[in-house]
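Notebook open, model loaded. I'm jotting down what I look up as I go.

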Amino acid sequence: MTGLDNFIAGVVRVVLRLALVAAAAVLAICVLFVLAVLLCLWGLRQLWARLTGRPVGPWHMGFDPGARFQQARRAYSAAGQWSPRRPEGAARKAEDVTDVVPRELP
């Protein structure tokens with residue numbers, strides 16, 4: 001029976017390998033199809049721009065991912081130090097801090 005077991009194990013191995021190759025081929029074809037569609041859209045966009053005489057702007061994200069960083073940087077440089085936003089007229093005073101016990105530094 002060991003001969004039949006080896007034969008079945010070999011057939012299962014070959015079937016699994018063929019299934020993995022088929023799955024990889026399907027994935028590759030899908031990726032190529034998506035790239036081809038994007039290339040066609042890009043070409044149609046360029047063609048439409050030439051026909052209408054309008055300049056073509058670059059494809060870009062609809063928002064600037066570094067905008068918040070720049071906003072924080074501008075706020076820091078304008079104040080000279082980091083200062084979180086406070087309501088108008090609400091200045092922090094030494095008497096307002098109650099959870100700190102002052103001590104002498106060594």
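Started with the span of α1. This is a predicted model, and I wanted to know whether the helix length adds up. α1 has 51 residues, so at 1.5 Å a residue it should span 75 Å. I checked its end C-alpha atoms and they sit 75 Å apart, which agrees.

Next, what comes right after the helix. Gly-53 follows just after α1 and takes a positive phi of about 80°.

Then the overall count. I find two helices and zero strands in the protein.

Surface next. How much of the protein counts as buried? Of its 106 residues, 1% do. The exposed area comes to about 10500 Å², and carbon and sulfur atoms supply 67% of that.

Given that figure, I looked up a buried residue. Ala-49 lies in α1, which runs over residues 2–52. Its relative accessibility is 10%, and the cut-off for buried is under 20%, so Ala-49 counts as buried. Which residues does Ala-49 touch, leaving aside neighbours within four places in sequence? My list reads Arg-54 and Val-56.

Last, the cysteines. I searched the whole structure for disulfides and got zero. Are Cys-30 and Cys-40 buried or exposed? Cys-30 has a relative accessible area of 43%, so I noted it as partly exposed. Cys-40 comes out at 52%; exposed means over 50%, so Cys-40 goes down as exposed.

Terms used. Residues numbered from 1 in each chain as written. Predicted model: local features only at pLDDT ≥ 70, side-chain atom pairs only at ≥ 80, totals over all residues. Heavy atoms only, no water. Helix = DSSP H or I, 4+ residues; strand = E, 2+ residues; numbered from the N terminus. Buried < 20%, exposed > 50% of the residue type's maximum accessible area, 1.4 Å probe, protein only. Contact = heavy atoms within 4.5 Å. Areas by Shrake-Rupley, 256 points an atom, 1.4 Å probe, with all protein chains shown as cover. Expected span 1.5 Å × (residues − 1). Disulfide = S-S within 2.5 Å.
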